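Colleague: I would like to go through this model with you. Could we begin with how its helices pack?
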Amino acid sequence: MNSSKRKKIIIIGPAYPYRGGNSLFVTKTYEVLQTDFDVKIFNYKLLYPSLLFPGTTQFDKSDQQVFKVPNERLVNSISLFNWFSVAKKIKQEKPDLIIFDWWHPFFGLCHGTISRLLNTEFKDRMLFITENVVSHEANRIDKFLTKIGIGNASMFLALSDKVVKELNRFSKGKKIYRSELPIYNCYEGDDSVAISELKTKLGVEANHNVLLFFGYVRKYKGLDILLESFSEILAKHPDTYLLVVGEFYDNPDLYKNIIKKKNIGEHVILINEFVPNEEVYKYYQVSDVVILPYRSATQSGILNIAYGFNKPVIVTDVGGLGEFVDNEKTGIIIQPDSTQEIIDGYERFLFLKDKINFAKNIIVHNGQNSFNNLPNVISEIINEISE
């Protein structure tokens, strides 16, 4: 074991210049651990081959960098020769703990091979933090790659009870620790700009309600169900706007056709682009509530960004989403795959918004976020390894 006072940890996962929730999570993990440990991030020099990435770019083009922490771009997700060199580099570092950030079966061969090459010397020192076990649209190949990818883990750290249940199918009795996603309060606002001014720029009147759907668009996120329900919401509440902000990974025509069919275009604002960090605040600050009408999920960084702005949420009770919402205190929990549930959930929010201090409840909730305890969990793991 490393004899230095500060134990050494290597994290294998994406970080700046890559964008997105996984990079943000690895960044926050580094930040919360680096005070107590000697932490290095072994980042990717190739994350996804461009042909397999559905968005415009994998890289963060923002002026305001919330992901930027020290890292070494070493890992190529599709190169066998690279995996040998990465394993060799890790052995030379002699870490006390190796953390693999796991979220998608695509990395099964990469993570599986690197961890296999480390298995003799570091058999008890490989922690897989599982944001997700298998993808939301998993098939047999995904499940096979997942078994390969996480098969050499010494132990796991799951970020929701839903993930714990999924891990039980793959963990082979290995210990599973528990944490959650951090609160993402890193997106700075601009207090000098009034909310009414931000609304005006979007074409929304100052006294109108705004419902926000944020993040990249794929079928499992249920935007189509939300759009189908929105005409009935408008019939009862014509002062409501739906703000859809995020890059479409699906064909946007599917959603535009619903908007046209339902004749709701005047009250639906579509912003089909990845939002730079410095502009995120604009959409959250103008919004009254953030909605996640997902068909499936484990947990969601979008929810934790909303909490970072002290904004209440309406979420479907799928995967781990409901675990992180205090119903009718920090948000509203509804059932999935139902336009009526969305309508009723929004009605319930409007009824409660002037009766319950959602923001105050969210601040209390944020203070209890278990991610803040991660250094203690990691210390416990390293102490158990040392025994």
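Modeller: Certainly; please note that this is a predicted model. Helices α7 and α8 are roughly parallel to each other, because angles under 35 degrees count as such and theirs is about 10°.

Colleague: How far apart are the axes of α7 and α8, and which residues does each helix span?
Modeller: The axes lie 9 Å apart, with α7 covering residues 223-236 and α8 covering residues 252-262.

Colleague: Which residues meet there?
Modeller: From α7, the contact involves L223, D224, L227, E228 and S231; from α8, it involves Y255, I258, I259, K261 and K262. By class, this contact of α7 with α8 has five nonpolar, one polar and four charged residues.

Colleague: With which residue does K261 form a salt bridge?
Modeller: K261 pairs with E228, and their closest N and O atoms are 3.2 Å apart. The bridge links distant parts of the chain, K261 being in helix α8 and E228 in helix α7, 33 residues apart.

Colleague: How many salt bridges are found in the whole structure?
Modeller: The search finds 17 salt bridges.

Colleague: Changing topic, how many cavities of 30 Å³ or more are there?
Modeller: The count comes to one cavity of that size. The largest cavity holds about 40 Å³ of space.

Colleague: What lines the largest cavity?
Modeller: Its lining consists of E180, L181, I183, N304, Y307, F324 and H365.

Colleague: And how does that lining divide by class?
Modeller: Four of the lining residues are nonpolar, two are polar and one is charged.

Definitions and conventions:
Residues numbered from 1 in each chain as written. Predicted model: local features only at pLDDT ≥ 70, side-chain atom pairs only at ≥ 80, totals over all residues. Heavy atoms only, no water. 1 Å grid on protein atoms, 1.4 Å probe; cavity = no way out; pocket = protein on both sides within 12 Å on 5 of 7 lines; lining within 4 Å. Points joined across faces, edges and corners; volume = space filled by probe spheres on them. Nonpolar A, V, L, I, M, F, W, Y, C, P; charged D, E, K, R; others polar. Axes fitted to C-alpha atoms, helices over the stretch in contact; angles between N-to-C directions. Helix = DSSP H or I, 4+ residues; strand = E, 2+ residues; numbered from the N terminus. Parallel < 35°, antiparallel > 145°, perpendicular 65-115°, else oblique. Contact = heavy atoms within 4.5 Å. Salt bridge = Lys/Arg side-chain N within 4 Å of Asp/Glu carboxyl O.
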